[in-house]
Amino acid sequence: MIIGIDVGGTHTDAVLLEALQIKKKAKVLTNQENLIESLTAVTKEIFSGEDPGDIERIVLSTTISTNAIVQGKTDRVGMILASGPGLPPEMLRIGKDTHFISGYVNHRGIRVAGTDSGEVAGIADLFERENIGHVGIVGKFSTRNPGLETEIGDIIGGRFRHRSFGHLMSGNLNFPRRIATTYLNAAIWDTYSTFVKNVMDYVGHMRITAPVYILKADGGTSKISQSVGYPVGSILSGPAASIMGILSLTDGREDAIALDIGGTTTDISIFADGVPLLEPLGVTIGGHKTLIRGLLTRSIGVGGDSRVGYEDGEFTIGPERNGPAAAFGGPSPTPTDAMIVLGLTDIGDGGKALKAIQEMASLANRSPDETAQEIFDLTCRKILSAAGEMLGEINDKPVYTVHEILEGKKVTPTVVYIVGGPAGPMAPYIEKMGGYPSCVPEHAEVANAIGAALARTTTEVTLLADTEKGEVTIAEEGIQASISRGFSHQDAMDLCEETLRKRALRMGAREDDLDMEIIEDQTFNMVRGMGSMAGKNIRIKAQVKPGLIAGFKQEASDVRQ
Amino acid sequence: MSDSKKRTGLIFFPAFDWAISPTHPEREERLLYTQDQVFEEGLLDLDNIIEFKPGLATTEDINRIHICVPDAHSVITQSHLISAGGAITAAEKVMQKEVDNAFALVRPPGHHAMRIVHGARGFCNINIEAIMIEYIRHTYGHKRVAIVDTDCHHGDGSQDIFWHDPDTLFISIHQDGRTLYPGSGFSDEFGGPNALGYTINVPLPPGTSDEGFLFTLDNLILPILDEFKPDLVINSAGQDNHYSDPLTDMSFSAQGYALLNDRLAPDIAVLEGGYSIESALPYVNVGIILAMAGIDYSHVTEPDYRPETIRQTPQTSRHIEQQVAAIYDLWKGRAPRRAALVKGKEWLHRDRGIFYDTDMISEHQEETVRICDECGGLITIASEASTGNRIFAVIVPGRGCPACRKKGEEIFETTGKGSYQYIYFQDRDRDIFLVK
């Protein structure tokens, strides 16, 4: 049996899957002040009468990290930046405790200026005097040479509660994002560690021995014990759970658009060949652009409860929500009221819905039916046009080889998956307007919990081999090793895959779920002096891509049927 | 530096799968470290720097300005269509006002490609700036354009293409042609008879540092631009004046390049040469991008930058000052010089040899231009190359006057093929390109 739990903003949902069928569902209100309480409540409900020994795994999707960041419940972090030449320090500062040091590494990972241990120790002393317990250490190009960051870490020693290192956050290049990611990681480390400890205490108390996993922003899972060092990985798991839920309730292998139409917003995501697309560099949270691997979603302020207005001869939808639909006692007309008037759904108080639409109709000097139809059309159109824009951006993403430009690979959706309250009434219209067949999966009300339950462990590694320098680095793993001049592309490929495999297994992947994929693979001849071949620069990035744990795809579609 | 931010478009196309040959300076690796630096600085995350995917230039875009022998497709690769297309995309974004300025950080380069193309010279096959400029005029109507070519090598291709065009001011600053390829670009190369003064060459002595470049900018280029009043300023942004460039002997720095772009404020910059791929390009390009975007670039310095060790000598400074004064006088006196040159003449001829170092082709050209006060003048070119190709071309200039056009049509009609393999007729105003 597998338990999937999604701690959402309003509700906490749980499902118990047995032989891959939904055996039980449960829903409780989320207590934002005490997430553990919501967890225990929902688990108790779903767990009653079950034998703890039958549980194979538990997967949690939780808002703990997201809330800490968005609500600013973070710890003070002392930042030490080795920035070198480039953007002015003022543009890199994150919080008042940011300090710049003189050492730095260049684009090839060559240390241009060494660390001044006196300078670093001075900053550490200052942090200590200020009672700062969490430190972030970030160097420009540290993914190319983690040595400088670890050396700084050694100088400041173990006198702080926690140290986060930039190179461990991601193998991608982007110094400002690396700074933000490291900062956030250190800032929520305490909150997250405490949460994990509480979860583990509870699990122990329940005598569950099955592994506990946490859902990450990229739609993959990690053993909760392994996630402690990288708490920012668990942010934005809600949207990720929703996308993985859609994946589990459909059995698509095609390019697709997924719409999660809620009360306030609609979340849009895109699948290519049945695999959800990732943000190219990392997700944005609380105004911070980060290197945190995450599924690509766009949220627009159009939902069932969006406020409908009438300005300059035209109806407007959202982006704000003034409360529930008029049919449920809300203050203004909404797309939901329009759907009620059009007879597309019979929820709520039809009289109240009609009254609200009538007011709007008299403003616009149209019949209530016309008005409802226009509001409904506009709602569908806005959602589709946002999805179209998102596709346009994906398909216009710059590429850097002649081959890719000429090949011009594009995502061309052949189906649109729709979940959320208004999914049923809207699907036929979105299908007609957008020209895509639509699909409204069943059990969508617990899609997030199912998505969490069935998500496989994902991760990525980034290898750079520079045979002229005689060094290979895999930043995420802190690997920096000597290689011979003869180190080949095949050697690099083997090392990359082996490292990815070990990393994924350590994070809790099962052998069956190691669906590995090379996502970047480039080799450059390095020529120096007057045309002499000096070495090779090999760049490989590999991932275990987001998807469902093996053996569940078929059964998941049975669930749907 | 200017304190206001601008919206800057970046068209980045490093052509990671294209090289002239595996160890050639124009190889896959050339913009690798530039990419790394631009990505690591996070420049594409800044609100006012927007990256665009390059479009593809078309044969029509090429034929508007070049005569390719025997045809465009025989002298280019797909990569050339993308780099020219990248320059056009940069122009489009500026002309459509999506951005305030744009930088086409693309390869392969183009400024050694002349009007007639028998093959590649100076790593260039087609002139991506010239193609872009004529695309702008074709799409958005007539524009006065100034090209400031800051590549270390004389931009002889762009000079050739705009030699007779009084609406295009071409200014090249470069290492003295007596010491560097292509061996031209002296101050007496001053434009054709109908456009005298609209080609300006400033050869600088080897060892010229930031000081000398910026002096030339402030005391010659900017004053001339003020008088020319261009609708668009294009920087042909070669980066091989850098002190670490392996092919040249100058002492320009990343700070110098950034300052130059800040003061010149080009509408569009297009990458040309620059082969210090590891020590210079990452810093120079970040400096140019920040300067164009109006962001503080004062921290963009090469790791080994020691201005005092590369500063130009006092003799160099004196030489540059004298030269700048002399060239400014030439510019001021361009009208009487032209009057004297064309007095009583109906046609003017020039004969010259052109060498294609990249493809090892020699060409001999006889060029004739009609003296005209109304337009750039009708041009005919007879060209013979060591490939065995012999061609004749009739070129009606942009904004050509009726008399030049009529004369051109007559000549094209009446010239028999004789020993020529091809005879071309180009009339870009009407987008006509004929071959017989």
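If we start with chain A, the centres of its domain 3 and its domain 4, taken over C-alpha atoms, are separated by 41 Å, and I should say straight away that this is a predicted model, so please hear every value that follows as a computed one. Those two domains belong to a division of chain A into four: domain 1 is made of two segments, 2-70 and 191-246, domain 2 covers 77-187, domain 3 runs over 251-440, and domain 4 takes in 459-544.

Let me stay with domain 1 of chain A, which includes residues 2-70, and look at strand 4, residues 57-61, where 5 of the 5 residues are buried. The cover applies to both faces of strand 4 of chain A, with A:Arg57, A:Val59 and A:Ser61 buried on one side, and A:Ile58 and A:Leu60 buried on the other. As for its partners, strand 4 of chain A pairs in the parallel sense with strand 1, residues 2-7, over 5 bridges, and within that pairing A:Ser61 of strand 4 is the bridge partner of A:Asp6. Strand 4 of chain A also pairs with strand 11, residues 212-215, again in the parallel sense and over 3 bridges, and here A:Ile58 stands opposite A:Val212.

Turning now to chain B, we have a division into domain 1, residues 8-334, and domain 2, residues 345-435, with 27 Å between their centres, taken over C-alpha atoms. Between these two domains of chain B, 27 residues of domain 1 are in contact with 31 residues of domain 2. On the domain 1 side, the elements that give two or more residues are helix 2 (59-63) and helix 5 (128-140) of chain B, and the largest share, 3 residues, comes from helix 5. By class, that side of domain 1 of chain B has 11 nonpolar, 9 polar and 7 charged residues.

That leaves the interface between the chains, where 36 residues of chain B are in contact with 32 residues of chain A. On the chain B side, at least two residues each are supplied by strand 1 (8-13), helix 1 (32-41), helix 4 (78-95) and helix 9 (281-293). Which of these elements gives the most to the side of chain B that touches chain A? The answer is helix 1 of chain B, with 7 residues. In terms of class, the side of chain B that touches chain A has 16 nonpolar, 8 polar and 12 charged residues.

Terms used
Residues are numbered from 1 along each chain as its sequence is written. Chains are lettered from A and ligands numbered from 1 in the order in which they are written. This is a predicted model: local features need pLDDT of at least 70, side-chain atom pairs count only at pLDDT 80 or more; totals for chains, interfaces and linings use all residues. Domain bounds come from an automatic or database domain assignment. Two residues are in contact if their C-beta atoms, placed from the backbone, lie within 7 Å. Helices (H or I, at least four residues) and strands (E, at least two) are DSSP runs, numbered from the N terminus. Ala, Val, Leu, Ile, Met, Phe, Trp, Tyr, Cys and Pro count as nonpolar, Asp, Glu, Lys and Arg as charged, and the others, Gly among them, as polar. A residue is buried if 20 or more other C-beta atoms lie within 10 Å of its own, exposed if 12 or fewer, and partly exposed in between; C-beta atoms are placed from the backbone. Two strands pair if DSSP finds at least two bridges between them.
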